[in-house]
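Grab a coffee and open the viewer. Here are a few short exercises, each with a worked solution.

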Amino acid sequence: MPIAQLPAFSEVQKKIKRTNWAEEITWQRGVAAGSLITGAILLATGKRKAGITLTAVGAAAALLEDVEGTRDLWNSIPQYIESGQQVLGKVEKFVEELAEQGERVSKMISKQMR
């Protein structure tokens, strides 16, 4: 009993021939990809202001192309903030415990030095 039914090779070839790959590349994708790549190169070469600007333009163009994805991202921001707050709370607690341990160790060392 097969786990999955694979399409015949001729069916796959027909789908590939029908797909026009050039139509899938829109000007928005080109602008987004070009500005993201150029921004990354500028950031790597030390031109921070221009790199950040182009990277922001590329990110905005990428977000404008996928409206539903952008809406989903916008709606999930509160969850990301909550997760970030939880992580920061754990880090803060760890740092406090580390400081307490440091105080204990320094007291033990100072007692041994006397």
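**Exercise 1.** Work out which residues form the nonpolar patch on the surface, and which helix gives the largest share of it.

*Solution.* Keep in mind that this is a predicted model. Start with the members: Leu63, Leu73, Trp74, Ile77, Tyr80 and Ile81 make up the nonpolar surface patch. Together they offer about 640 Å² of accessible area. Next, look at where they sit: helix α5, residues 67–113, supplies five residues, the largest share.

**Exercise 2.** Decide whether Tyr80 is buried or exposed.

*Solution.* First place the residue: Tyr80 belongs to helix α5. Then check the cut-off, since exposed means over 50% relative accessible area. Tyr80 has 55% relative accessibility, so it counts as exposed.

**Exercise 3.** Find the residues that gather in a patch of positive charge on the surface, then classify Arg104 by its accessibility.

*Solution.* The positive patch brings together Arg104, Lys107, Lys111 and Arg114. Of these, take Arg104, which lies in helix α5. Its relative accessibility is 47%, so Arg104 counts as partly exposed.

**Exercise 4.** Describe the chain as a whole: its helices and strands, its buried share and its contacts.

*Solution.* Begin with the elements: the chain has five helices and zero strands, giving the pattern α-α-α-α-α along the sequence. Now turn to burial: 7% of the 114 residues count as buried. As for the surface, the chain exposes about 10,400 Å², with carbon and sulfur atoms supplying 64% of that. Last come the contacts: among those with a separation of 6 or more, 26% link residues 24 or more positions apart.

Technical notes
Residues are numbered from 1 along each chain as its sequence is written. This is a predicted model: local features need pLDDT of at least 70, side-chain atom pairs count only at pLDDT 80 or more; totals for chains, interfaces and linings use all residues. Side-chain values use heavy atoms; hydrogens and water are left out. Patches are made of residues with over 30% relative accessible area and no salt bridge: like charges are joined within 9 Å, nonpolar side chains (Val, Leu, Ile, Met, Phe, Trp, Tyr) within 5 Å. Accessible areas come from the Shrake-Rupley method with a 1.4 Å probe; for residues, only the protein chains shown count as cover. A salt bridge is a side-chain nitrogen of Lys or Arg within 4 Å of a carboxyl oxygen of Asp or Glu. Helices (H or I, at least four residues) and strands (E, at least two) are DSSP runs, numbered from the N terminus. Buried means under 20% relative accessible area, exposed over 50%, partly exposed in between (1.4 Å probe, protein chains only). Lys and Arg count as positive and Asp and Glu as negative; His and the chain ends are not counted. The place of a charge is taken as NZ of Lys, CZ of Arg, CG of Asp or CD of Glu. Contact means heavy atoms within 4.5 Å.
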